[in-house]
Amino acid sequence: TDDEYRTEFVLWCMSSAPLMLGCDVRSVSDATLKLVTNRDLIRINQDEEGRPPFVARYSGNWGDYFAMAKVLTGNEIAVALVNLSDGDRYCALLTESIGLAASSGKKLYLRDVFTGEELPPVKTCFGRDLPPHSALCYLGRIGD
């Protein structure tokens with residue numbers, strides 16, 4: 001499904017995996033073309049420092065649903081919420097798991113890489129309900 005393609009691509013980009021298309025690009029769907037040309041995801045994948053992502057929080061059986069983060073060049077951070085399970089799940093990221101203590105007075109500012117939506121500043125916890133086999137991805141920064 002398109003959700004599963006998106007989840008797979010988010011995981012590849014967060015992992016800085018080599019990106020290759022194994023299909024006839026003349027006949028890909030509009031959704032696939034939009035996904036594989038998403039500048040924010042490509043930027044996450046191609047970040048010059050090439051740091052690996054880390055699992056910031058997992059719930060349920062290991063690997064079913066989790067939040068992962070990747071520190072990027074320029075003090076940016078990429079965050080992915082991933083649900084690999086067969087049911088709806090609430091996936092969350094605690095700011096402490098990325099080194100941002102609530103007592104610091106700082107906040108996490110996130111922008112959805114698919115919609116461009118700027119989210120309200122996050123002080124301690126951020127999460128979303130996700131359908132099965134889906135993922136969300138955000139670019140962010142820590143600020144006052």
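Colleague: Is strand E7 largely enclosed by the rest of the structure or largely open, and how many of its residues are buried?

Modeller: This is a predicted model, and what follows should be read with that in mind. Strand E7 has 10 residues, and it is largely enclosed by the rest of the structure because the number of them that are buried is 8.

Colleague: Which strands pair with E7, and over how many bridges?

Modeller: E3 pairs with E7 in the antiparallel sense over 8 bridges, and within this pairing Ala80 has Cys137 of E7 as its bridge partner. E5 also pairs with E7 in the antiparallel sense, and here Leu108 stands opposite Ile142 in E7. The partners are therefore E3, over 8 bridges, and E5, over 6 bridges.

Colleague: Which strand do 8 bridges join to E2, and what lies between the two?

Modeller: Strand E2 covers residues 65-72, and 7 of its 8 residues are buried, so this strand too is largely enclosed by the rest of the structure. Its bridges lead to a strand that runs antiparallel to it, with Val71 and Ile77 as one of the partner pairs. The two strands form a hairpin in which Gly74, in the turn, has a positive phi of about 80 degrees. The strand joined to E2 is E3, residues 76-83, and between them lie 3 residues.

Colleague: Which strands each supply at least two residues of the largest nonpolar core?

Modeller: The largest nonpolar core holds 19 residues, and those touching the most other members are Leu81, Leu93, Ile98, Leu108, Leu110, Phe126 and Tyr138. The strands that each supply at least two residues of this core are E2, E3, E4 (89-94), E5 (107-112), E6 (125-130) and E7 (134-143).

Colleague: What does Ile98 touch, and how many residues are in the other core?

Modeller: Leaving out residues up to four places away in sequence, Ile98 touches Phe54, Ala56, Ala69, Ile77, Leu93 and Leu108. Apart from the core to which Ile98 belongs lies another one, with Phe9, Phe66, Val82 and Leu139 among its members, and its number of residues is 18.

Colleague: Where is Asp47, and which side chain of opposite charge is nearest to it?

Modeller: Asp47 has its place in the loop between helix H3 (39-45) and strand E1 (54-59), and although Asp47 is buried, it has no salt bridge. A salt bridge needs a nitrogen and an oxygen within 4 Å, whereas the nearest side chain of opposite charge to Asp47 is 6.0 Å away. That side chain belongs to Lys70.

Colleague: What backbone atom lies 3.0 Å from a polar atom of the Asp47 side chain?

Modeller: If its neighbours within four places in sequence are left aside, Asp47 is in contact with Val71, Leu72 and Thr73. One of these contributes the backbone atom in question, which is the nitrogen of Thr73.

Colleague: Which residues make up the network of salt bridges that includes Arg43?

Modeller: Within helix H3, Arg43 and Asp40 are 3 residues apart, so they are separated by about one helical turn, and their side chains meet in a salt bridge at 4.0 Å, N to O. Arg43 also forms a salt bridge with Glu76, with the closest N and O atoms 2.4 Å apart, and this pair links distant parts of the chain, since Arg43 is in helix H3 and Glu76 in strand E3, 33 residues apart. The network as a whole consists of Asp40, Arg43, Glu76 and Arg111.

Colleague: Is Asp40 buried or exposed, and what is its relative accessibility?

Modeller: Its partner Arg43 counts as partly exposed, at 37% relative accessibility, and Glu76 is also partly exposed, at 26%. A residue is buried when its value is under 20%, and Asp40 therefore counts as buried, with a relative accessibility of 15%.

Colleague: Which residue meets Arg26 in a salt bridge?

Modeller: The structure holds 6 salt bridges, and the one made by Arg26 has an N to O distance of 2.9 Å. Arg26 is exposed, with a relative accessible area of 75%, while its partner is partly exposed, at 36%. That partner is Asp24.

Colleague: Where is Pro121, and how far is its C-alpha atom from that of Val25?

Modeller: Pro121 is found in the loop between E5 and E6, where it counts as partly exposed because its relative accessibility is 45%. Not counting residues up to four places away in sequence, Pro121 touches Lys107, Leu108 and Tyr109. Val25 is 96 residues apart from Pro121 along the chain, and the separation of their C-alpha atoms is 39 Å.

Methods
Residues numbered from 1 in each chain as written. Predicted model: local features only at pLDDT ≥ 70, side-chain atom pairs only at ≥ 80, totals over all residues. Heavy atoms only, no water. Buried < 20%, exposed > 50% of the residue type's maximum accessible area, 1.4 Å probe, protein only. Helix = DSSP H or I, 4+ residues; strand = E, 2+ residues; numbered from the N terminus. Core = buried A, V, L, I, M, F, W, Y, C linked by side-chain atoms within 4.5 Å. Contact = heavy atoms within 4.5 Å. Lys, Arg positive; Asp, Glu negative; His and termini not counted. Polar contact = N/O pair within 3.5 Å; in protein donor to acceptor, adjacent residues only side chain to side chain.
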